[in-house]
Amino acid sequence: MSYKIQDNLTLIKARIRAAALRANRDPARVRLIAASKTVSCDGIREAVVAGITAFGENYIQEARSKIESVGRTDISWHLIGHLQTNKAKYAVRLFDMIHSIDSLNLAREVDKRAGKEKKVLPVLIQVNIAGEASKSGICPADAISLVREIATLENLSVRGLMTMPPYFNEPEKVRPYFRELKNLQAIIRKEKIPAIRMEELSMGMTGDFEAAVEEGATMVRIGTAIFGVRMQVR
Ligand SMILES: *Cc1c(COP(=O)(O)O)cnc(C)c1O
């Protein structure tokens, strides 16, 4: 199957750029992560040819076979899906960044495994900004203390925050959640916690990435707009 990725990408990049400029932001500060769950290795290769350099995967097993097949040259691989503690070892080996750290227990396990691999792994803290029961992520009220504790772990490097806001088919309804994540980032920055960087905001998907960019996203995770509608394989 052909994904028409080049055409899609041209359009998405233009939309990201326009959204950044509307908010007086430098478009170069917004990184596109292609959310490639369920996309075949051929689809991923097509995306690489079209100029994509970062992919986000959700499941360890799926990611492992794709990364083995597609490789790592000039590509960074991001774990954007929920991570179970017992899979931390694989996540550390496979990924260049983990967006979904949401508990001290998980952070400690990833830290331990990263130490064994002699890696310092960049991570984002996933925040459940709307407090939805169905979603993973730390609640905003507990985020500062979690960041403080993770900051002491030697093999993790905290780079910022990630969120999966509630789903609305209208981006304006999602915007307040993006704004809240940005506010939380500012609050954590004021704490001046040593050994962390609070520069990244991973937020925005196909339906709402322009609002996310306007509100300060530095990483947008886009799947459908690049690859088309996913087949339901899970
Ligand atoms: C699938 C997924 C995305 C991308 O979703 P689209 O709506 O297809 O752009 C972004 N983030 C996460 C965590 C995902 O699982």
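**Exercise 1. Contacts and overall form**

What percentage of the contacts in the protein with a separation of 6 or more is accounted for by residues 24 or more positions apart? Having found that share, characterise the fold as a whole.

*Solution.* The model is a predicted one, and residues 24 or more positions apart account for 62% of the contacts in the protein with a separation of 6 or more. The next step is to list the secondary structure, which comes to nine helices and eight strands. The radius of gyration is 17 Å, close to the 17 Å that the globule rule gives for 234 residues, so the protein is as compact as a globular protein of that length. Along its principal axes, the C-alpha trace spans about 45 × 40 × 30 Å.

**Exercise 2. Burial, surface and charge**

Determine how the residues divide with respect to burial, and describe the surface and the charges.

*Solution.* Of the 234 residues of the protein, 51% count as buried. Turning to the surface, the accessible area comes to about 11,300 Å², and carbon and sulfur atoms contribute 50% of it. For the charges, one takes the mean position of the 36 positive ones and that of the 27 negative ones, and these two mean positions lie 2 Å apart.

**Exercise 3. The buried face of α6**

Identify the buried residues of helix α6 (residues 140–150), explain how they are arranged about its axis, and state what covers them.

*Solution.* The buried residues of α6 are A143, L146, V147 and I150. Seen down the axis of the helix, these buried residues fall within an arc of 100°, so they line one face of α6. As background, an α-helix has 3.6 residues a turn, so residues three or four places apart point the same way. The cover over the buried residues of α6 includes the strands β4 (97–101), β5 (121–127) and β6 (156–163), together with the helices α5 (104–116) and α7 (171–190).

**Exercise 4. Two residues with positive phi**

Locate T38 and K192 in the chain, give the phi angle of each, and decide whether each is buried, partly exposed or exposed.

*Solution.* Begin with T38, which is found in the loop between β1 (31–35) and α2 (41–49). Its phi is near 70°, a positive value in a residue other than glycine. T38 has a relative accessibility of 27%, and because partly exposed covers the range between under 20% and over 50%, T38 counts as partly exposed. K192, in turn, is found in the loop between α7 and β7 (200–202), and its phi, near 50°, is a positive value in a residue other than glycine. With a relative accessible area of 70%, K192 is exposed.

Technical notes: Residues numbered from 1 in each chain as written. Predicted model: local features only at pLDDT ≥ 70, side-chain atom pairs only at ≥ 80, totals over all residues. Heavy atoms only, no water. Buried < 20%, exposed > 50% of the residue type's maximum accessible area, 1.4 Å probe, protein only. Helix = DSSP H or I, 4+ residues; strand = E, 2+ residues; numbered from the N terminus. Arc of directions from axis to C-beta. Contact = heavy atoms within 4.5 Å. Rg over C-alpha atoms; globule rule 2.2 N^0.38 Å. Areas by Shrake-Rupley, 256 points an atom, 1.4 Å probe, with all protein chains shown as cover. Lys, Arg positive; Asp, Glu negative; His and termini not counted. Charge placed at Lys NZ, Arg CZ, Asp CG, Glu CD.
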